[in-house]
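Student: I am new to this structure and should be grateful for a close look at a single part of it. Please choose one strand, describe its place in its sheet, and then relate it to the rest of the chain.

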Amino acid sequence: MRPMLASLTALALLALAAAQDKEPHSLFDGKTLNGWTNVGGSQGNWLVKEGILVTRGEGGGWISTEQEYSDFELSLEYKLQAGGNSGVFIRSPQTGDPAYTGMEIQILDDDDSRYAELKPYQYCGSVYGVIAAKRGSTKGPGEWNTLTVRAVGPKIKITLNGTTIVDGDLKEHPEAAADHPGILRDKGYIGIQSHSEPVEFRAISIKSL
């Protein structure tokens, strides 16, 4: 192969690889926990049942992707029981409490009476402790919710069941950095929290931006 042709072929392959990297790809194969790492908590707290990723809500901890992500669009579906509580971690390290060392996108049964007096930034879809989500888009216990998280630099956009509930800039919340230093991170792992009740997840995919 001529040198010029070889160079063009190599560039074409690199361009193709870059384009493929920016296509959505599944983070959950519906059969196994391949691609996920257990961080803290009890072994056996996570399982796959009939194509669904389930946390028993026992033993705490979280599961983390094996790859780190910087700018991305993450999409998943989740289903809560009454009073359900969980979270999606973004740009988190695998050390410390990822709600603080990274960022947590809250997942919550907002309308349960036990959560009637939370602070605005503790309700479903909020960047926990930092940016409050607009309320009113959650579906009830036993129904599937679709959550999309788009993170580009400091800008975070969160959509719940087709409605944008957060469209914010982390740089506009410097007061939160002392307690939530994770908002300063530009790269880290994606994770799902095991809190206190069983929660189901499916259709988990991500696209690098």
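Tutor: Two strands are said to pair if DSSP finds at least two bridges between them. The strands themselves are DSSP runs of type E with at least two residues, while helices are runs of type H or I with at least four residues, and both are numbered from the N terminus. The model is a predicted one, in which local features need pLDDT of at least 70 and side-chain atom pairs count only at pLDDT 80 or more, whereas totals for chains, interfaces and linings use all residues. Residues are numbered from 1 along each chain as its sequence is written, and side-chain values rest on heavy atoms, with hydrogens and water left out.

The part chosen here is strand β12, which spans residues 188-193. A residue is called buried under 20% relative accessible area, exposed over 50%, and partly exposed in between, with a 1.4 Å probe and protein chains only. Six of the six residues of β12 are buried, so the strand is largely enclosed by the rest of the structure. Across the whole protein of 209 residues, 44% count as buried.

The sheet around this strand comes next. Five strands make up an open sheet in the order β2-β5-β12-β7-β8, with antiparallel pairing. The edges are held by β2 (36-39) and β8 (103-108); each has a single partner strand, so one side of each is left without a neighbour in the sheet. On average, neighbouring strands of this sheet are turned by 25° against each other, direction ignored; the axes behind such angles are lines fitted to C-alpha atoms. In a regular strand the side chains alternate between the two faces of the sheet.

On one side, β12 pairs with strand β5 (residues 62-69) in the antiparallel sense over five bridges. Within this pairing, Ile63 has Ile192 of β12 as its bridge partner, and Tyr69 stands opposite Gly188 of β12. Strand β5 also pairs with β2, again in the antiparallel sense, over four bridges; there, Val39 has Trp62 of β5 as its bridge partner.

On the other side, β12 and strand β7 (residues 85-92) form an antiparallel pair over three bridges. Phe89 has Gly191 of β12 as its bridge partner, and Ser92 stands opposite Tyr189 of β12.

Beyond this sheet, the protein has two helices and 13 strands altogether. A contact means heavy atoms within 4.5 Å. Among contacts between residues at least 6 apart in sequence, 65% join residues at least 24 apart.

The interior may be described through its nonpolar core, a set of buried Ala, Val, Leu, Ile, Met, Phe, Trp, Tyr and Cys residues joined through side-chain atoms within 4.5 Å. The largest such core has 43 residues, of which Leu74, Leu147, Phe201 and Ile204 touch the most other members. Strand β6 (residues 72-80) supplies the largest share of this core, five residues. Leaving aside residues up to four places away in sequence, Leu147 touches ten residue positions, among them Leu74, Leu76, Val88, Ile105 and Leu160.

Charged side chains give a further set of links. Side chains of opposite charge can pair when their charged atoms come close. A salt bridge is counted when a side-chain nitrogen of Lys or Arg lies within 4 Å of a carboxyl oxygen of Asp or Glu, and the whole structure holds seven of them. One joins Arg150 and Glu73 at 3.0 Å, N to O. This pair links distant parts of the chain, with Arg150 in strand β9 (residues 144-152) and Glu73 in strand β6, 77 residues apart. Both side chains belong to partly exposed residues, Arg150 with a relative accessible area of 34% and Glu73 with 26%.

Another salt bridge joins Arg202 and Glu77 at 2.6 Å, N to O. Arg202 belongs to strand β13 (residues 199-208) and Glu77 to strand β6, so the pair ties together parts that are 125 residues apart in sequence. Arg202 is partly exposed, at 29% relative accessibility.

A further salt bridge joins Asp110 and Arg135 at 3.8 Å, N to O. Both residues lie in the loop between β8 and β9, so the pair ties together parts that are 25 residues apart in sequence. Asp110 is buried, with a relative accessible area of 4%, whereas Arg135 is partly exposed at 46%.

Methods. Axes fitted to C-alpha atoms, helices over the stretch in contact; angles between N-to-C directions.
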